[in-house]
Amino acid sequence: MAPNRHSKKLASAGNICASFTVLTAIWAVVACISNSNTLPSPLAVLDFMVAEAIAGPLFLETGATLLRVGVSLLISMALGSAIGIFLGLRPAADRFFDSWVVLFLNIPAVVVIVLAYVWLGLNEFAALVAIAVNKIPNVVVVMREGARSLDPQYADMANVFRLTIARKIRNVILPQLYPFVAASIRSGFSLIWKIVLVVELLGRPNGVGFQIHLHFQLFDVAGILGYALTFVVVMLGVEFFLLQPAEQHAHRWRMHG
Amino acid sequence: MVEVCIDEKTFQTAGGAALTAIRGLLFTVTKGRIACLVGPSGCGKTTTLRIALGLDRAFEGYIRLPEPMGRIAAVFQEHRLLPWRTVEQNIRLALPGELRNKNLTALLDELHILEVADLYPSELSLGLARRVALARALAIEPSLLLLDEPFASLDEETASRLRRLLLDQWSSHKMTILMITHDLAEAAQLADDIFILSERPTRVCRTIHLDMPRSSRDAAAIAQIVEDVRIGLREAKVTPLAQQEEPCQTP
């Protein structure tokens, strides 16, 4: 079983490498043919990234954005889970607040960001509020579904054996909610970092979004692509080295039988 | 003494109609005795057990438990082991604070589940999972144990070994046991009291007290008891539903 899984992993890694190589090749060919300032070759972008990493603020800016992503994800998960679980367990409250959730789901991200800056000022707090308000409704929807799907049979078992609240949450409730938490974290990551960039672009003096704004004003496409790609790589790293191993660890009981 | 009195228990069907599952059900399990509930399938035995366990409070009547109440344990029809916890973790989870560091080896060994203690429930056969569920209930050393067909769908050899084990634990720990079963021979073998339930709306239509000691219940004696219970069950079917019982006295 283990060597088989290992070789499968290798094969899928090879597959990913091949597909990215083809994509880069297409990009290189198109850049070569168009021979335009607005589409630098992959090599030019790589050059920019290396130079920016050595002499420029690449890591600092990426770090600032990553920090915003992390903090706002934490806030959104905490508040969104609390609201979602509450609505999932209280059908009456859910019927009343459902339209609010739908409303917030459908407010465009840019509107929330602009209003947050207008009402709260051009500061970090407003930025985090804007990101959280964008993400919370998604977390609410997913966690509400999770709370609805809690199995009453396990709750009965916990009640009969008089489990303390802490033991019940840790052993009975959280493991059932875990797939939903994982789903909202993963979808949260891809959603939040895009919103963070807009937030930075509109009103922050640092971060990847700010740099993209800067390079946009200079019409420096290599800079824009360089920063964007760096951050994509960072997010892929988080996905492969943090989220996926965590998920596999939490699901180890499913691999048997 | 455990006193169960359910004046009425009604369910709302999906169509919105009210369905009376239980009406005028009253029985008492004396401390330290084993009582079995038998009755036609779908007659509300499991509902009765859930009410006795305090899991269902939407009924008219009362449940009176002995004072001071010791620990209550249950073995459900489905094993209800947490799939994300190993066998041992599942059993330990149920242990109350004062027993948390209890040595489980002897119990697990007696139930022949010592070697699967580190497996997850999905890796167990149904018979093993049922034994684990029984171990979880016995591990907390309950003073009242409720069992819902705990040995159903097990092979006879395993079932009878588990019955013996249950009796051992019962006699060494002075438990009171209330057990639902479909297996009349099982009831005849284990019970001090057999309550025969009628079809819906459920009530006790006959009680059989067995005073013969378990050790002297041989094959012939068990066959005789089973025959008695069968007669009781047939009576349960023909008893007119209109016959109304006095509602039980609310304390």
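This report walks through a predicted model of two chains, A and B, starting with chain A, moving on to chain B and ending where the two meet.

**Chain A: helices from end to end**

Let's start with the big picture. Chain A has ten helices and zero strands, so its list of elements from the N terminus on is simply α-α-α-α-α-α-α-α-α-α. Measured out along the principal axes, its C-alpha atoms fill a box of roughly 70 × 55 × 30 Å. Of the 257 residues in chain A, 31% count as buried. Take the contacts in this chain between residues at least 6 apart in sequence: 72% of them join residues at least 24 apart.

A:F48 gives you a concrete case of such a meeting. This residue is found in helix α2 of chain A, which covers residues 42-54. Is A:F48 buried or exposed? A:F48 counts as buried because it has 24 C-beta neighbours inside 10 Å, and the cut-off for being buried is 20 or more. Leaving out residues up to four places away in sequence, A:F48 touches A:A222, A:G223 and A:G226. A:A222 sits 174 residues from A:F48 along the chain, yet the C-alpha atoms of the two are separated by 6.6 Å.

Now look at helix α7 of chain A, residues 152-160, whose buried residues are A:M157, A:A158 and A:V160. Why do these three lie on the same side of α7(A)? They do so because they cover an arc of only 165 degrees around the helix axis. Here is a handy rule for helices: an α-helix has 3.6 residues a turn, so residues three or four places apart point the same way. And what covers the buried residues of α7(A)? The cover includes α8 (165-203) of chain A together with β5 (72-75) of chain B, so keep that strand in mind. After α7(A) comes A:R162, which has a positive phi, near 50 degrees.

**Chain B: two domains, two sheets**

Chain B is divided into domain 1 (1-70 + 143-150 + 164-218) and domain 2 (82-141). The C-alpha centres of these two domains of chain B lie 25 Å apart. Where they meet, five residues of domain 1 are in contact with seven residues of domain 2. On the domain 1 side, the largest share, three residues, comes from helix α5 (residues 156-173) of chain B. The residues on that side divide into three nonpolar, two polar and no charged.

Unlike chain A with its zero strands, chain B has sheets to look at, and here are two of them.

| Sheet in chain B | Pairing | Edge strands | Average twist from one strand to the next |
|---|---|---|---|
| Open, six strands, β5-β6-β7-β3-β8-β9 | mixed | β5 and β9 (204-209) | 15 degrees |
| Open, three strands, β2-β1-β4 | antiparallel | β2 (18-29) and β4 (60-64) | 20 degrees |

In the six-stranded sheet, strands β6 (residues 144-148) and β7 (residues 176-180) of chain B pair in the parallel sense over five bridges. One residue to find there is B:L146, whose bridge partner in β7(B) is B:L178. Helix α4 (residues 126-139) of chain B packs on this sheet and touches β5 and β6 of chain B. The direction of α4 makes about 175 degrees with that of β5(B).

In the three-stranded sheet, how many bridges join strand β1 of chain B to β2(B)? Ten bridges join β1 (residues 2-12) to β2(B), and the two strands run antiparallel. B:K9 stands opposite B:I22 in β2(B). This sheet has a helix across it as well: α1 (residues 45-52) of chain B lies across β1, β2 and β4 of chain B, running at about 120 degrees to β1(B).

**Where the chains meet**

The contact between the chains takes 16 residues from chain A and 18 residues from chain B. On the chain A side, α7 and α8 each supply at least two residues. Which element gives the largest share of that side? It is α7(A), with six residues. The side of chain A that touches chain B divides into eight nonpolar, five polar and three charged residues. That brings us back to β5 of chain B, which is part of what covers the buried residues of α7(A) and is also an edge strand of the six-stranded sheet.

Notes
Residues are numbered from 1 along each chain as its sequence is written. Chains are lettered from A and ligands numbered from 1 in the order in which they are written. This is a predicted model: local features need pLDDT of at least 70, side-chain atom pairs count only at pLDDT 80 or more; totals for chains, interfaces and linings use all residues. Domain bounds come from an automatic or database domain assignment. Two residues are in contact if their C-beta atoms, placed from the backbone, lie within 7 Å. Helices (H or I, at least four residues) and strands (E, at least two) are DSSP runs, numbered from the N terminus. Ala, Val, Leu, Ile, Met, Phe, Trp, Tyr, Cys and Pro count as nonpolar, Asp, Glu, Lys and Arg as charged, and the others, Gly among them, as polar. A residue is buried if 20 or more other C-beta atoms lie within 10 Å of its own, exposed if 12 or fewer, and partly exposed in between; C-beta atoms are placed from the backbone. The arc is that of the directions from the helix axis to the C-beta atoms. Two strands pair if DSSP finds at least two bridges between them. Axes are lines fitted to C-alpha atoms, for helices over the stretch in contact, and angles run from 0 to 180 degrees between N-to-C directions.
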